[in-house]
Amino acid sequence: MSISPSQLEKARFNMIEQQIRPAGILDEKVLNALMGLSRDAFVTDKYKSVAYTDTEIPIDVEGTQAHETMLVPRLEARFAEALQLKPTDTVLEIGTGSGFQAALLSRLCTQVTSIEIDPAIAAFAKSNLERNHIANVNVKVGDGRNGWGSVEYNAIVFTGSLPTLPDALKYKLTEGGRLLIVVGTGTVMSLIRITRQSASHFVEEFLEETVIKPLNGAVASRFKF
């Protein structure tokens, strides 16, 4: 079933007013960024009618399910707000998926480097970003669980959960930088924010309980840091 541009626009407005704001996400910069992005442009045609609903959407690559999903909109917005981004910040995203989370973050900072372990998903995300004229997201193929290169970032975000917090990755933050990650297994997971206060001092905050899929490539029973 096709859906008209006006219907998509209304669905986007309803997503913000009925899902995002009621969840307590009130940062106007985040809300404006969401309103200015077509989430339906990051899904395949058969999912456009549900692009703004409160559900995880499968990522299809060339007609085949990639066994990955987009986060629900509320969590995408929560991540963007919790990172407390400034316009001059650089962000490292681990797990590109459809590219929508990176697109949202790109409206709030200067540069996003996004690492995706699955080459087919990375290509899908690049195509989505290019088609939406988003030029400040750099998608790389690889395993970003331990960081990426020797660069420090103002913010780091994981779009999939990990069994425990990767301690070494905290040192990839600049001083004052924030790391956002969902840690845990099964149905017991927590959204955690780590802030680097100085060279060796970090502050950990519990933000909320939530459950998301494990990061692609991370297996709880054998994962090592």
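This briefing describes a strand arrangement and the helices that lie across it. The structure is a predicted model. Its open sheet has 7 strands with mixed pairing, and helices α3 and α5 lie across parts of that sheet.

**The sheet**
- The strands follow the order β5-β4-β3-β6-β7-β8-β9.
- β5 (137–141) and β9 (202–209) occupy the edges; each has a single partner strand, so one side of each lacks a neighbour in the sheet.
- From one strand to the next, the twist averages 15 degrees.

**The pairing of β3 with β4**
- Strand β3 (residues 90–94) and strand β4 (residues 111–116) run parallel and are joined by 5 bridges.
- Threonine 90 has glutamine 111, in β4, as its bridge partner.

**Helix α3**
- Helix α3 (residues 73–82) lies across β6 (153–158), β7 (173–185), β8 (188–196) and β9. Relative to the edge strand β9, α3 runs at about 155 degrees.
- Of the 10 residues of α3, 8 are buried, so this helix is largely enclosed by the rest of the structure.
- The buried residues of α3 are Pro73, Leu75, Glu76, Ala77, Arg78, Phe79, Ala80 and Ala82; under the cut-off applied, buried means under 20% relative accessible area.
- Glutamine 84, just after α3, adopts a positive phi of about 55 degrees.

**Helix α5**
- Helix α5 (residues 119–131) lies across β4 and β5.
- The angle at which α5 runs to β5 is about 165 degrees; β5 is one of the strands at the edges of the sheet.

How values were computed: Residues numbered from 1 in each chain as written. Predicted model: local features only at pLDDT ≥ 70, side-chain atom pairs only at ≥ 80, totals over all residues. Heavy atoms only, no water. Pairing = 2+ DSSP bridges. Helix = DSSP H or I, 4+ residues; strand = E, 2+ residues; numbered from the N terminus. Axes fitted to C-alpha atoms, helices over the stretch in contact; angles between N-to-C directions. Contact = heavy atoms within 4.5 Å. Buried < 20%, exposed > 50% of the residue type's maximum accessible area, 1.4 Å probe, protein only.
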